[in-house]
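Visitor: Could you pick one part of this model and go over it closely for me? I'd like to see how it is put together, and then how it compares with a few other spots along the chain.

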Amino acid sequence: VAGSATAPIPPAWSGAGCPFFFSSGTDYSAEDVVTVPGNAGSAPVLLVYQCKASPTDAFCSQGGFEPGTSIHWEQAWNFLGSCDGTLAPTSSPDFTSIADVGGCPALYSSGADYEEGDRVSKDGLVYQCKAHPQSGFCPVAAYEPGTSIGSGSQTVEYWKEAWSIVGHCSGTITPTSSPAFVSLTNMGGCPDEWVQQTYEEGDRVSANNLVYVCKAYPNSGHCGQAGYEPTSEPGPWSVAWTVAGHCSGSIGPTGAPSFDPVNSVGACPGEWVAGDHTSYEEGDMVSVSVSDTPIRKIAYRCNSWPLSGFCGQFAPNVHGGDQGWTLAGSCDGSIGPTSSPSFDALTVVGDGCPREWSATTTDYEAGDLVALEVSESPIRSIVYQCREWPNSGYCGQGSGFKPATQYGELAWTLKGSCTGTIAPTASPATYTGVCTFNQCVMVDSPQSCTAGSAGCSCSSGQTQTASCVRTIQVRTCTDQPVDTWSNSKSYATDDVVRRGTRRFKCREWPNFLWCSMAAYQPELVDGIWTNAWREDGECLP
């Protein structure tokens, strides 16, 4: 035909017919052969390529290495020749070369708690989460099976780092709203359903007849947060909760608790009255009537901030009330005065009261005690202690963080009651003792050497003199004062700091890298700081 371009068709490859067509996303290995449509001039032709041997076979499945069409294909594939045969339909993958695994597992869900061996399905293919450490990428959205980022030679398929194709599946995905319980433990009756409140490690809740257990710290911190409520569908809840088994039966009645006299709080506080988030504070008590004849009431105590904000919005005995209120016990029906706290239940702190809290004091530190007067006759006060860092930073920020107010919980902890004359505690006692540690460092030091020897300042042939020296490093140790931790210093292994009189020593590599980070500064209670520091005794008075 006039004007048409002609080119010889490449020699036929050694195999019979055409192998399967190349399919982006397939997990190819060394010596796999594929067919790619091409052209010999203007005439269409089918070309055969073979995946190279290890280690370059790792590129055969990656974007940017498609045989015959991408810039870098020759790094991954060998060209074998042309082949004959009719093009097979390619609108859906040809599954004859991969296993049929039967029904399709659940679809992939970004953020689900996938682990090694978990399977998901997408577009009729079944993917399996790889072993550790690659399994750590399985829940990440960028590693969703069968997806790619970019286009053409810049295409990147991260999912192949985390998932492997194990076969194809067919059929409608079976319902997953009600999981099969054959492999789950029967936990008997169902515990309470999840509500937004404070949960601790080991606490149990139920949802859709499944029982969930709150995970250990630090994951337990999410158990009561909105967005982490457990459901039967994959989601962020798996960060905080573990499925323990299944349950059945109605939740037992909780409207009228037992009136065991041992659990009585004595006289009843005032009846609950509807209000807003400022109506009640932490520790406030109310009562709810559950019986008119005889008169019987239940006492509840308002939870700590921020849950105290619910105390005025939900009555203790209605749905949602347990967000703000905790059952305290029964009471005898006669409403007692509640204008001042009952001091019977509070521990007496010391022989007298510490200094009164003051909004103008700005130098409160962790562990400082203050008193808040609640009765003039007789004089009675409540004792509060400034929390540990970082909360201690709020203690000196004025009336917004006054003890017993809405945000006071962030700064202060209730310690007990005190009576009598306030003992003078104008300012905390500053540590005045002598506390040191032996700090060893490597320093440069001159050493005599023979002219021409390694590192010597005198070259071979020069006259040997006293000035012929080399620099070596020697270990030098000196006593250094044990100071409090400071974010302006860089700490290394065996450095020592103190908090009050307690000493802490920086750990070995690689943990010492955390010693200079504020989040890991030593505290008086256990925390993540123990990853960076270990206790080192006490500073002497």
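Guide: Let's start with what pairing means here: two strands pair if DSSP finds at least two bridges between them. With that in hand, take the part I'd pick, an open sheet of three strands in the order E7-E8-E9, paired antiparallel. Its edge strands are E7, residues 204–207, and E9, residues 241–246; each has a single partner strand, so one side of each has no neighbour in the sheet. From one strand to the next, the twist averages 35 degrees.

Before zooming in, a word on trust, since this is a predicted model. The protein chain averages a pLDDT of 79, and 82% of the residues score at least 70. Two stretches call for care. Over residues 86–96 the pLDDT is below 50, and that stretch has nine contacts in the model beyond near neighbours in sequence. Residues 422–429 are also below 50, with twelve such contacts. Where pLDDT is low, the predicted coordinates should not be read in detail.

Back to the sheet, one pair of strands at a time. E7 and E8 are antiparallel and share four bridges. One place to look is Ser 206, which stands opposite Val 211 in E8. The hairpin that E7 and E8 form has two residues between the strands, and there Asn 208 takes a positive phi near 55 degrees. If you like checking backbone torsions, that's one to pull up.

On the other side of the pairing list, strand E8, residues 210–214, is joined to E9 over five bridges, again in the antiparallel sense. Here Val 213 has Thr 242 of E9 as its bridge partner. As you look along the strands, keep in mind that in a regular strand the side chains alternate between the two faces of the sheet.

What covalent link sits by this sheet? A disulfide joins Cys 190 to Cys 247, with 2.1 Å from S to S. The link is right-handed, at 95 degrees about the S-S bond. Cys 190 is in the loop between E6 and E7, while Cys 247 is in the loop between E9 and strand E10 (285–291), so the disulfide ties together parts 57 residues apart in sequence. Both cysteines, Cys 190 and Cys 247, are buried.

That disulfide is one of 13 in the structure, and two others make handy references. Cys 435 and Cys 539 are joined with an S to S distance of 2.0 Å, and at -70 degrees about the S-S bond this link is left-handed. Cys 435 belongs to the loop between strand E15 (412–419) and strand E16 (436–448), and Cys 539 to the segment after strand E20 (533–538), so this pair ties together parts 104 residues apart in sequence. Cys 435 and Cys 539 are buried too. Then there's the disulfide of Cys 449 and Cys 456, whose sulfur atoms are 2.0 Å apart. The Cys 449 to Cys 456 link is right-handed, with 75 degrees about the S-S bond, and both of its residues are buried.

For another sheet to set beside ours, go to E1-E2-E3, an open sheet of three strands in that order with antiparallel pairing. Strands E1 (33–40) and E3 (77–83) stand at its edges with a single partner strand each, so one side of each lacks a neighbour in the sheet. Ignoring direction, its neighbouring strands are turned by 35 degrees against each other on average. Strand E2, residues 43–51, runs antiparallel to E3 and is joined to it by six bridges. Cys 51 stands opposite Trp 77 of E3.

Finally, two loop residues. Is Ser 135, in the loop between strand E5 (125–129) and strand E6 (163–168), buried or exposed? Its relative accessibility is 11%, and buried means under 20%, so Ser 135 counts as buried. Leaving aside residues up to four places away in sequence, Ser 135 touches Tyr 114, Glu 116, Cys 129 and Lys 130. His 319, in the loop between strand E11 (296–302) and strand E12 (325–331), is exposed, with a relative accessible area of 75%. C-alpha to C-alpha, His 319 is 9.6 Å from Val 195, though the two are 124 residues apart in sequence.

How values were computed
Residues numbered from 1 in each chain as written. Predicted model: local features only at pLDDT ≥ 70, side-chain atom pairs only at ≥ 80, totals over all residues. Heavy atoms only, no water. pLDDT = per-residue confidence, 0-100. Contact = heavy atoms within 4.5 Å. Axes fitted to C-alpha atoms, helices over the stretch in contact; angles between N-to-C directions. Buried < 20%, exposed > 50% of the residue type's maximum accessible area, 1.4 Å probe, protein only. Disulfide = S-S within 2.5 Å.
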